[in-house]
Amino acid sequence: ATDVGAAIVDADLFIMDDGAGGTNRKVTASRIKTYTGGGKIKQVVGSAYTTANANSGTSYADSGATLDITPTTNTNKILVHFSIPISLYRSSGSSCRYGYKVLRESTVVATGAATTSDYGMLGSSAEMVLGTVFNYTVYDEPDSTSEQTYKVQFANNETGSLTAQSGSNSTNITALEVEST
């Protein structure tokens, strides 16, 4: 009946009643953890950016959305979510396509839905501005306890120009460390 006052570790033993029969058995904390499952959120890191970044080229460029997270164990997963306001500016008779990549360090962990050459969301109206928001979530397995840098890049195709952020709209990126089961 006395609290040990120390953190519970996997090797700690608990006494459990084995059903309604009144038989006591011992079980380790690691078995209880396995039984209850993992999937708990260990940490959340988020960043918001309000600076507009333009890219009129077909090469991927940084959107400004970046963050660092350090996993507590190498088996935990990282859930990365980002939301980026995108504006397409087109000249008369042209069209714009855009796409994105999510990178962990220099490794691409996700790309936008492909229409042509990894670009998505084709628009073809002349002389108009299109605004939309990319919302995307990726589940990554960095297999590391070192600090991981995640960032979002975007690219344009064809003849319009592309802005990743506009005015008071902000780009948001959030990473959640999810305990492995």
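Start by selecting R104, which sits in strand β7. This is a predicted model, so treat each stop on the tour as a computed picture. R104 has a relative accessibility of 15%, so it counts as buried. Show its side chain together with that of D140: the two make a polar contact at 2.5 Å. Now bring up the other residues around R104. Beyond its neighbours within four places in sequence, R104 is in contact with V109, D140, E141, P142, Q148, T149 and Y150.

**Next door: E105**

Move along to E105, in the loop between β7 and β8 (107-111). Is E105 buried, partly exposed or exposed? With a relative accessible area of 40%, E105 is partly exposed.

Check the backbone here too. Most residues other than glycine have a negative phi. E105 has a positive phi of about 55 degrees, although it is not a glycine.

Which residues does E105 touch, once its neighbours within four places in sequence are left aside? They are E147, Q148, T149 and K151. Select T149 from that group and draw a distance between the C-alpha atoms of E105 and T149: you should find 5.3 Å, for residues 44 positions apart along the chain. A polar atom of the E105 side chain also lies 2.7 Å from the backbone nitrogen of T149.

**Across to D143, S144 and T75**

Now go to D143, in the loop between β10 and β11. Here is another positive phi in a residue other than glycine, with a value near 50 degrees. D143 has a relative accessibility of 56% and so counts as exposed.

From D143, step on to S144 and add T75 to the selection. The C-alpha atoms of T75 and S144 are separated by 7.6 Å, while the two residues are 69 positions apart along the chain. T75 lies in the loop between β5 and β6, and at 43% relative accessibility it counts as partly exposed.

**Into the core**

Hide the loops for a moment and look inside. The largest nonpolar core has 17 residues, and the ones that touch the most other members are V80, F82, V102, Y150, V152 and I173. Colour the elements that give two or more residues to this core: β5 (61-69), β6, β7 (96-104), β10, β11 (148-158) and β13 (171-178). Which strand gives the largest share? That is β6, with five residues.

V152 is a good residue to centre on. Apart from its neighbours within four places in sequence, V152 is in contact with A61, D62, S63, G64, A65, F82, I84, Y100, K101, V102 and I173.

**The aromatic rings**

From V152, follow its contact with F82. The structure holds three aromatic pairs, and F82 and Y136 form one whose ring centres are 6.2 Å apart and whose planes meet at 45 degrees, so this pair is tilted. The pair links distant parts of the chain, with F82 in strand β6 (residues 77-89) and Y136 in strand β10 (residues 129-140), 54 residues apart.

The two partners differ in their surroundings: F82 is buried at 0% relative accessibility, whereas Y136 is partly exposed, with a relative accessible area of 28%. Add Y100 to the view, and you have the cluster that ring pairs build from F82, Y100 and Y136.

**Zoom out**

Switch to a cartoon of the whole chain. How many helices and strands are there? The secondary structure comes to one helix and 13 strands, in the order β-β-α-β-β-β-β-β-β-β-β-β-β-β along the sequence. Among contacts with a separation of 6 or more, 78% join residues 24 or more positions apart.

Now turn on the surface. The chain exposes about 10100 Å², and carbon and sulfur atoms supply 49% of that area. Of the 181 residues, 34% are buried.

**Last stop: confidence**

Finally, colour by pLDDT. The mean for the chain is 73, and 63% of its residues reach 70 or more. Then select residues 113-128, where pLDDT stays under 50; the model has 45 contacts beyond four places in sequence for this stretch. Where pLDDT is low, the predicted coordinates should not be read in detail.

How values were computed. Residues are numbered from 1 along each chain as its sequence is written. This is a predicted model: local features need pLDDT of at least 70, side-chain atom pairs count only at pLDDT 80 or more; totals for chains, interfaces and linings use all residues. Side-chain values use heavy atoms; hydrogens and water are left out. Helices (H or I, at least four residues) and strands (E, at least two) are DSSP runs, numbered from the N terminus. Buried means under 20% relative accessible area, exposed over 50%, partly exposed in between (1.4 Å probe, protein chains only). Contact means heavy atoms within 4.5 Å. Accessible areas come from the Shrake-Rupley method with a 1.4 Å probe; for residues, only the protein chains shown count as cover. Rings of Phe, Tyr and Trp (its six-membered ring) pair if their centres lie within 6.5 Å; planes under 30 degrees apart count as stacked, over 60 as edge-to-face and the rest as tilted. A nonpolar core is a set of buried Ala, Val, Leu, Ile, Met, Phe, Trp, Tyr and Cys residues joined through side-chain atoms within 4.5 Å. pLDDT is the predictor's confidence in each residue, from 0 to 100. A polar contact is a pair of N or O atoms within 3.5 Å; within protein, one must be able to donate a hydrogen and the other to accept it, and residues adjacent in sequence count only if both atoms are side-chain atoms.
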